[in-house]
Amino acid sequence: MARPTNKDLLVRYREKLEQSRKWRKQEKCDETWKRMIDMYRGRHYDMSSNEDRTLVNMAFSTINVIAPSVSINHPKITVSAQKPEDADRATVTEAIVNYWWRHYGCQKQFRKAVKDQLIIGHGWIKTGYRFVEEERVKNPVATEESTDVLDITQPESTVETELVVLEDRPFVERISPFDIFVDPNATDMFDIKWIAQRIKRPLADVRNDRRYNSTARSEVNATMYSKYSIEEKSARQSMSKDNSYVEVWEWYDISKGLMSVFADGSDKFLITPTEIPFAFGHPFVMLRNYDIPEHFYPMGELEAIEALQHELNETRTQMMNHRKRFSRKWLYKESAFDPDGRAALESDEDNVMVPVVGDEPLGGVITPMPAVINPPEFYNQSSLIAGDMDRVSGVSDYMRGSMPEIRRTATEAAIAQDASNARAAEKLATIELDIGQCANRLVQLAQQYMTGEQVVRVVGSNSIPLWVQFDRDYISGDFDFEVEAGSTQPVNESFRRQMALQMVDAMAPFAQAGVIDMAALARQVLQFGFGVKSPEAYLTAPQQQMQPGQQPMQPQEPPQGPPQGGPQLPPELMAQLAAGGGAPPMG
């Protein structure tokens, strides 16, 4: 069978894209996602109305209760070596990946993807490597006769330049769910045959990007224009390049292991099909919420409570309109009152005399008009609907920070809280797995593409910062990445201190038996129970009693770095590790 040409491959890829578009349109995926986003932002009504309407945005409240409970803090990523000879490298790799996650904006991008996951059912994270260098003029050597000012009159051949690396690191970024297209025959991420990302780029940027084929990028034309431009549609062809955009597709053929780039409106590849450059395959990580059997796209938090949200809005609107229509009215006999009597009757003053004309009985002169009063149960409907929404979403009063109407003992409240947190715990475990997958890819990218040496700050057991210089040899090896359970959850200071004190009480019998290191226990309680960053400042070094004739002990040499053939860790770092008995936290 003849090998297909690039033109045939491009036609085939576009056919698959059209099938994916048709599939998403038939399943109403994009329509549902937009509706869920509008529900979160408070746009619950499709069209305007002359009547007053009330909106109680429980969808916004639900999302913003769940999201902080699973992804508010920076994760504590732990790295374990798969081979004994990589144990020391795993320690340094753990500090490096935590430093990257904190200082390179990974947490911010990941929280955006978590918000997508909760609102529409899934989110997308893309991992990659960013290398940016710039050519700069070297500074002239300063002497007594020369200055630091560059003489622009010198010939160009005498000006020396150098390449300065601005960025040399892996990155994590959130991708819009509307811009990711997948194989329509897939049911999860393990059986997709291809995946593609749509990137909207200005026309000028595409034509000037030297990574693309020169012939292909010169033939690219604008396929879309800024919807906020003031020009008419008929005049858009003559618009400036600032308002002209091109849809660029980054295509990953997973079944064949190929990657390519092409643009709409062009019959040539910007980057011809080549082997996927990443060791782990395609660079996308999918965050999934509630999986639906035999469906690729999961379900979000809002899709299950959408009908209840609209019912709540309608109920509260009816209550508001009823309050507006309720007003007291009186039936009176007009001939029984003269103008002064009617004025006195309509007056708001207290103890006003109302003259009555004629001798008719007062009971037949004026009487209150009967009013239709809705039953009291009508006003309880909103509470019933809100309770249904909490049961469907799994969000309790405790999670919302409010006390329930029924008073409970501390034990009952703890049991109810644990039961309500079961669903959040499942979601938290999924998010921790996704963070570990992203961290694994960051390290693999650095192992593959890092060019020079970098510096990372490591905080040892004595809270002393150490600056470790490393290259990709320091992080070479096979590692397992996990996220410390609960590290991304909000910290409850009162609960943490209570647990620390309970630990002290539980360890008291073991301390009396002499099987507990009291200094280590005190360090744990001060550091993790009360947030003391330098617990050693409160501890005294144990004094050893020397027997007569006993020689003072010589300090032991700090453990050496990795086995021969690998980089040697700094002695200061190894001494810190030996003193702390474990991996140092990230600074």
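**Figure 1. A salt bridge inside helix H1 joins Arg-21 and Glu-18.** At 48% relative accessibility, Glu-18 counts as partly exposed, a class that lies between buried (under 20% relative accessible area) and exposed (over 50%), judged with a 1.4 Å probe and protein chains only. The model is predicted, so local features need pLDDT of at least 70 and side-chain atom pairs count only at pLDDT 80 or more, whereas totals for chains, interfaces and linings use all residues. Residues are numbered from 1 along each chain as its sequence is written, and side-chain values use heavy atoms, with hydrogens and water left out. The partner of Glu-18 in the salt bridge is Arg-21, and the closest N and O atoms of the pair are 3.9 Å apart; a salt bridge here is a side-chain nitrogen of Lys or Arg within 4 Å of a carboxyl oxygen of Asp or Glu. Both residues belong to helix H1 and stand three residues apart, about one turn of the helix, where helices (H or I, at least four residues) and strands (E, at least two) are DSSP runs numbered from the N terminus. Arg-21 is also partly exposed, because its relative accessible area is 31%.

**Figure 2. Arg-12 in helix H1 and its contacts.** Helix H1 covers residues 6-26, and Arg-12 has its place there. With a relative accessible area of 33%, Arg-12 is partly exposed. When neighbours within four places in sequence are left aside, Arg-12 is in contact with Pro-4 and Lys-256, contact being defined as heavy atoms within 4.5 Å.

**Figure 3. Asp-30 and Arg-24 meet in a salt bridge.** The N to O distance between these two side chains is 3.0 Å. Asp-30 is partly exposed because its relative accessible area is 24%, while Arg-24, at 2% relative accessibility, counts as buried.

**Figure 4. Helix H2 and its buried residues.** The 13 residues of helix H2 (residues 29-41) should span 18 Å at 1.5 Å a residue, and the end C-alpha atoms of H2 are 19 Å apart, which agrees; the expected span is 1.5 Å times one less than the number of residues. Buried in H2 are Cys-29, Thr-32, Trp-33, Met-36, Met-39 and Tyr-40. These residues cover an arc of only 120° around the axis, which puts them on the same side of H2, the arc being that of the directions from the helix axis to the C-beta atoms. After H2 comes Gly-42, whose phi is positive, near 95°.

**Figure 5. Ser-71 in helix H3 and the residues it touches.** Ser-71 has its place in helix H3, which covers residues 58-71. Its relative accessibility is 3%, so Ser-71 counts as buried. Not counting residues up to four places away in sequence, Ser-71 touches Gln-107, Arg-111, Val-114 and Thr-488.

**Figure 6. Arg-211 and Asp-209 as part of a salt-bridge network.** The side chains of Arg-211 and Asp-209 meet in a salt bridge, at 2.8 Å from N to O. Arg-211 counts as exposed at 61% relative accessibility, whereas Asp-209 counts as buried at 9%. Salt bridges that share partners join Arg-201, Asp-209 and Arg-211 into one network.
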